[in-house]
Amino acid sequence: MRGQAETAQPAEDGAGGPLPGQRAGGRAEARRAAARQQGRRGRRRMRRWQRGLVYGVAGVVVLTAATGGYLYYRLNANIHQAPLYTGEDGDAGKEVPDAFGRTPINVLVIGSDSRANPEDCNIGGADCGDGANADVNLLLHVSADRTNATVMSIPRDLRTDLPGCKDPKTGKSVFKAQRGLINSTLQGGPGCTVAAVRKLTDLPIDHFVQVDFSGVIKMSDAVGGVPVCVTDNVYDPQSHLKLSKGEHTLQGMAALQFVRTRHGFGDGTDTGRSTAQHLFLGSMVRQLKSAGTLTNPAELLSLADAATRALTVDPGLDGVTKLVGLGQDISKVPSERITFTTMQVIHDPADDNRRLIGPGATDLFRMIKDDRPLTGDPAPAAPSTAPSAPADPASAPAAPSTPPAANGPARSGITVVVRNGTGVTGRATALAEALQQAGFAKGTAAGQKVTAAHSAVTYPAGKEAAAQQVAAALGLPASAVRAGDGPSVELWIGTDWTTGTSYPAAAGGTASSTAAADPAAALKGADVSTADDTSGCARVGHEKTVSLPDWGGMTPVQAYDRSKGVPDSAP
């Protein structure tokens with residue numbers, strides 16, 4: 001029937017059928033044909049698989065390149081840019097290469113309290129709108145050989161001489177030269193703060209990185225929280241930080257509260273806050289290295305995205321690759337060789353809530369400028385030809401007694417106008433009297449007050465030799481002598497010289513060389529820690545630095561106990 005397979009019938013007597021030998025050969029040939037067919041099918045399948053693999057790899061490459069390009073574009077687009085230096089005169093300075101052609105890096109990290117956008121306004125509270133101050137000024141120095149680094153805090157309530165700043169596009173003034181708080185310069189933009197720090201320290205500033213409120217929150221979240229500890233219960237109603245005694249891991253708003261807390265730590269000034277910030281940053285460094293974030297692509301991407309969204313940088317850091325390069329330079333430095341310190345300051349006699357440059361600060365600045373490490377063994381001191389200081393202080397002369405230069409005018413013929421720029425009452429009179437006792441003209445007297453961070457002797461035309469004698473008598477370096485605008489030789493007493501009648505960097509003739517050789521000398525009077533130190537806790541103050549409604553002034557510990565209805569910032 002049609003549709004059914006027909007079965008072949010054997011021919012009678014074998015007619016038309018193969019012989020036995022032929023049947024065996026046929027079966028062998030059939031097997032060989034089947035094998036060839038199978039081989040062709042296998043090769044076709046292999047070629048299809050190979051083509052699939054090639055297309056798949058090509059697709060991955062294309063997608064990776066496209067994604068990488070997208071991520072690169074996205075991260076670059078996150079970054080805001082502003083000019084590096086906007087001072088009315090001068091520049092940001094240039095690094096000096098070492099013997100191998102390597103140069104150090106100085107980066108000013110600025111923490112802005114801007115509330116210009118809704119997110120930062122909501123976080124910061126208080127008045128919202130344009131304008132900002134620098135909550136934090138940290139100068140990061142990475143050595144030329146990348147073996148050590150220094151992070152130096154500049155207190156926000158430091159009163160010093162501030163430069164005028166201008167808009168580089170229009171040339172219009174955005175900040176007037178004045179004597180004021182260094183944190184106010186951010187009102188003229190980050191380039192104005194760079195100019196102020198440059199003037200204060202005489203250090204070249206290669207880059208700046210400005211971080212806002214939301215940036216601290218995003219960064220702390222990106223690293224999975226930052227472990228810290230406090231020595232006692234603490235509540236600062238102004239920053240809203242509330243923590244119980246002991247260890248905590250801070251993320252988000254709690255991290256921001258911690259680094260902004262001023263009245264809860266130490267004596268309630270910016271010095272206590274700087275110390276707490278150093279502890280936070282050191283812990284963050286350890287957290288990054290121990291968690292492997294810098295080697296984990298996914299986590300690194302999260303950190304990079306958080307970081308770039310929060311940053312305003314100078315044109316030298318306006319791309320992801322440049323920021324990564326900076327990060328790689330910093331990552332080369334071992335934790336134990338990263339030193340955190342705060343520049344030396346003294347109380348402002350005119351306002352106890354303000355600070356002035358301390359006597360040892362210029363030595364610290366010089367140490368950094370000379371690219372000397374602040375950790376490890378001190379370098380051998382350079383030989384000095386200066387005479388030794390008297391063993392008995394009572395036998396020391398009451399005033400400088402350096403003899404006049406052989407080819408210079410007699411001291412009795414040199415009248416000096418002494419101007420006080422320290423803010424310390426009576427300094428000009430004290431030094432005028434000391435100069436008279438040292439043989440200078442009786443007409444030497446105090447003049448009008450000035451603003452000056454660095455002490456100097458100025459001179460009119462033809463009086464340079466006389467100015468050099470004044471500087472030598474007081475122990476001022478030759479670099480402190482410069483041409484002036486006035487008609488007389490003038491001594492300007494800066495905030496680097498608030499006590500004594502001999503310039504502190506030259507007291508005994510060896511202070512500068514000692515400081516340059518020994519980190520302990522340059523760090524005298526400064527708060528110091530290293531990034532590998534896990535023993536430090538933020539010291540909670542026990543003075544009445546905070547207040548609560550209906551309670552008045554109290555300690556941060558008392559404020560914690562009396563605010564049981566306020567939730568802690570972190571468990």
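Q: How many of the nine residues of helix H5 (residues 252–260) are buried?
A: This is a predicted model, where local features need pLDDT of at least 70, side-chain atom pairs count only at pLDDT 80 or more, and totals for chains, interfaces and linings use all residues. Residues are numbered from 1 along each chain as its sequence is written, and side-chain values use heavy atoms, without hydrogens or water. Buried means under 20% relative accessible area (1.4 Å probe, protein chains only). H5, a DSSP run of H or I with at least four residues, is mostly covered, and its buried count is seven.

Q: Which residues of H5 are buried?
A: Take H5 in sequence order. The buried residues are Gly252, Ala254, Ala255, Leu256, Gln257, Phe258 and Val259.

Q: How do H4 and H5 lie to each other, parallel or oblique?
A: The axes (lines fitted to C-alpha atoms over the stretch in contact) are compared by N-to-C direction, from 0 to 180 degrees. Those of helix H4 (residues 213–222) and H5 come within 8 Å and cross at roughly 120°. This angle therefore makes H4, relative to H5, oblique.

Q: Which helix gives the largest share of the lining of the second largest pocket?
A: A pocket is an open set of 1 Å grid points, over the protein atoms alone, where a 1.4 Å probe fits, with protein on both sides within 12 Å along at least five of seven lines; lining residues have an atom within 4 Å of a point. This one has 41 lining residues, with Lys199, Thr201, Asp202, Ala453 and His454 nearest its centre. Elements giving two or more residues include helix H3 (190–201) and helix H9 (361–369). The largest share, six residues, comes from H9.

Definitions and conventions. Buried < 20%, exposed > 50% of the residue type's maximum accessible area, 1.4 Å probe, protein only. Parallel < 35°, antiparallel > 145°, perpendicular 65-115°, else oblique.
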